[in-house]
Amino acid sequence: MTYQGLIHRYGQYLDLPAHTKNISLLEGNTPLIPMPRLSAELGCELFIKFEGLNPTGSFKDRGMTAAISEAVGRGAQTVICASTGNTAASAAAYAARAGLRSIVLIPEGKVAAGKLAGAIAYGAEVIQVQGSFDDALTLVVEITQKTPIALVNSINPFRIKGQKTAAFEICDDLGSAPDWLCLPVGNAGNITSYWAGFKQYQKGLPQVLGVQAAGAAPLVLGHPVEKPETIATAIRIGKPARGEQALDAAQESNGRIIAVSDEQILSAQRILAAEGVWVEPASAAGLSGLLAESTVGKFEARGKRIVVVCTGHGMKDPSIITESFQSPKVIPANYDALIDLIEE
Ligand SMILES: *Cc1c(COP(=O)(O)O)cnc(C)c1O
């Protein structure tokens with residue numbers, strides 16, 4: 001039978017309420033891509049879980065199929081979320097699919113072009129808030145407490161349930177959990193989901209390396225960050241809603257949460273692209289953390305099986321490329337100019 005989406009495939013592990021009405025865009029089932037060159041350099045077996053290949057270009061679709069399916073089933077007509085971009089695009093797409101109204105609050109001027117375009121294309125009512133993601137989330141929580149509008153941020157428990165499926169898929173593909181799982185941490189829903197998923201699936205447990213951007217690293221600093229700053233906009237979050245659970249996952253797994261600089265993130269983004277996997281900046285944080293730790297001898301990759309989660313597609317944030325990569329040269333339309341340039 002052809003693939004029918006995550007609730008169909010893993011619904012038995014998700015414990016969704018009986019009223020749930022399956023709304024799917026055939027999310028999930030993303031590839032676990034081997035990285036032979038990086039593996040050889042690090043002396044390990046390294047795979048990328050490429051979540052950028054979900055229907056709206058990020059892992060958020062895993063949680064959104066569950067959250068929207070539950071909301072529709074209980075009669076919700078409008079959904080709302082705060083978003084650094086990818087949640088907005090995903091909520092908008094699944095709401096469109098279900099015939100619901102969607103409202104998304106984003107921090108003014110801080111959302112990557114490909115994400116904003118997606119949310120608008122899928123028909124969301126996009127509202128820019130003069131503040132951070134954390135300010136937008138506070139507003140969303142308040143309005144969903146006072147009105148029947150359904151909240152689909154990752155404080156919605158069904159988002160976490162849906163996102164556990166990525167851990168299930170990794171175990172199914174590898175036959176067991178990897179030795180290490182490396183991933184970016186923003187609002188900390190994803191790390192919480194992976195850890196819950198691995199524990200539930202009982203195919204072994206990885207050690208977890210969670211990676212924040214240095215300018216938005218509340219879990220490393222041990223306190224909220226009032227004005228988070230990083231080019232990795234998807235993890236530009238100063239007060240993670242599931243921060244405690246993220247710290248628990250790191251500790252229970254005998255792993256840790258670390259911070260890397262924007263330069264290190266952009267460098268990891270280039271390294272991934274050089275092996276054929278183009279991801280948005282935040283998505284490169286996992287590899288960036290692994291490389292940073294290996295370089296200073298704090299991470300023994302040798303002989304290990306490592307999965308690095310790349311959470312979103314490079315096409316989400318095209319503007320970063322002109323800044324971080326070389327921009328194309330211009331020539332007149334003649335052969336001599338072309339041959340001169342490529343033989344330079
Ligand atoms: C949402 C998001 C993250 C952060 O995930 P959290 O669950 O908020 O920790 C990282 N990368 C991308 C591309 C995202 O969209």
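Me: By class, how many nonpolar, polar and charged residues are in the lining of the largest cavity?

Reply: Keep in mind that this is a predicted model. To read a lining, sort its residues by class. Here, polar residues number 15, nonpolar ones 11 and charged ones 3.

Me: How many cavities of 30 Å³ or more turn up in the whole structure, and what volume does the largest cavity have?

Reply: The search comes back with 1 cavity at that cut-off. Its volume is about 300 Å³. The lining takes in 29 residues, and the closest to the centre are Phe59, Lys60, Gly186, Asn187 and Ala234.

Me: Which helices each supply at least two residues of that lining?

Reply: For this one, go from residues to elements. The helices are α4 (86-98), α7 (157-163) and α9 (189-201). Of the contributors, α9 gives the most, with 3 residues.

Me: Let's take α4, then. Where does α4 pack, and which strands is it touching?

Reply: Start with the sheet itself. It is an open one of 4 strands, ordered β5-β4-β3-β6, with parallel pairing. β5 (125-129) and β6 (150-151) are its edge strands, each pairing on one side only. Helix α4 packs on this sheet and touches β3 and β4 (101-107), and its direction makes about 170° with that of β3.

Me: How many bridges join β3 to β6?

Reply: There are 2 bridges between β3 (residues 78-82) and β6, and the two strands run parallel. To find one on screen, go to valine 79, whose bridge partner in β6 is alanine 150.

Me: Back to the helix. Is threonine 87 buried or exposed?

Reply: The idea is to compare relative accessible area with a cut-off: buried means under 20%. Threonine 87, which lies in α4, counts as buried because its relative accessibility is 7%. Setting aside neighbours within four places in sequence, threonine 87 is in contact with Lys60, Met64, Cys81, Ala82, Val152, Asn153 and Arg159. You've met Lys60 already, as one of the residues closest to the cavity centre.

Me: And what about glutamate 343: buried or exposed?

Reply: The other cut-off matters here, since exposed means over 50%. Glutamate 343 has a relative accessible area of 63%, so this residue is exposed. You'll find glutamate 343 in the segment after α15 (335-342). For a sense of distance, its C-alpha is 55 Å from that of lysine 199, with the two positions 144 residues apart in sequence numbering.

Me: What is the order of the strands in the open sheet of 6?

Reply: Read across the sheet, strand by strand: β1-β2-β10-β7-β8-β9, with mixed pairing. β1 (32-34) and β9 (256-260) are at the edges with a single partner strand each, so one side of each has no neighbour in the sheet. From one strand to the next, the twist averages 25°. Helix α12 (residues 262-273) packs on this sheet, touching β2, β8 (207-213), β9 and β10, and its direction makes about 95° with that of β9.

Me: Why is strand β10 described as largely enclosed by the rest of the structure?

Reply: Count the buried residues along the strand. In β10 (residues 305-310), 5 of the 6 residues are buried, so the rest of the structure largely encloses this strand. Then look at what sits on either side in the sheet. β2 (residues 45-50) runs parallel to β10 and is joined to it by 6 bridges, with phenylalanine 47 partnered to valine 307. β7 (residues 180-184) also runs parallel to β10, through 3 bridges, and there cysteine 182 has valine 308 as its bridge partner.

Notes: Residues numbered from 1 in each chain as written. Predicted model: local features only at pLDDT ≥ 70, side-chain atom pairs only at ≥ 80, totals over all residues. Heavy atoms only, no water. 1 Å grid on protein atoms, 1.4 Å probe; cavity = no way out; pocket = protein on both sides within 12 Å on 5 of 7 lines; lining within 4 Å. Points joined across faces, edges and corners; volume = space filled by probe spheres on them. Nonpolar A, V, L, I, M, F, W, Y, C, P; charged D, E, K, R; others polar. Pairing = 2+ DSSP bridges. Contact = heavy atoms within 4.5 Å. Axes fitted to C-alpha atoms, helices over the stretch in contact; angles between N-to-C directions. Buried < 20%, exposed > 50% of the residue type's maximum accessible area, 1.4 Å probe, protein only.
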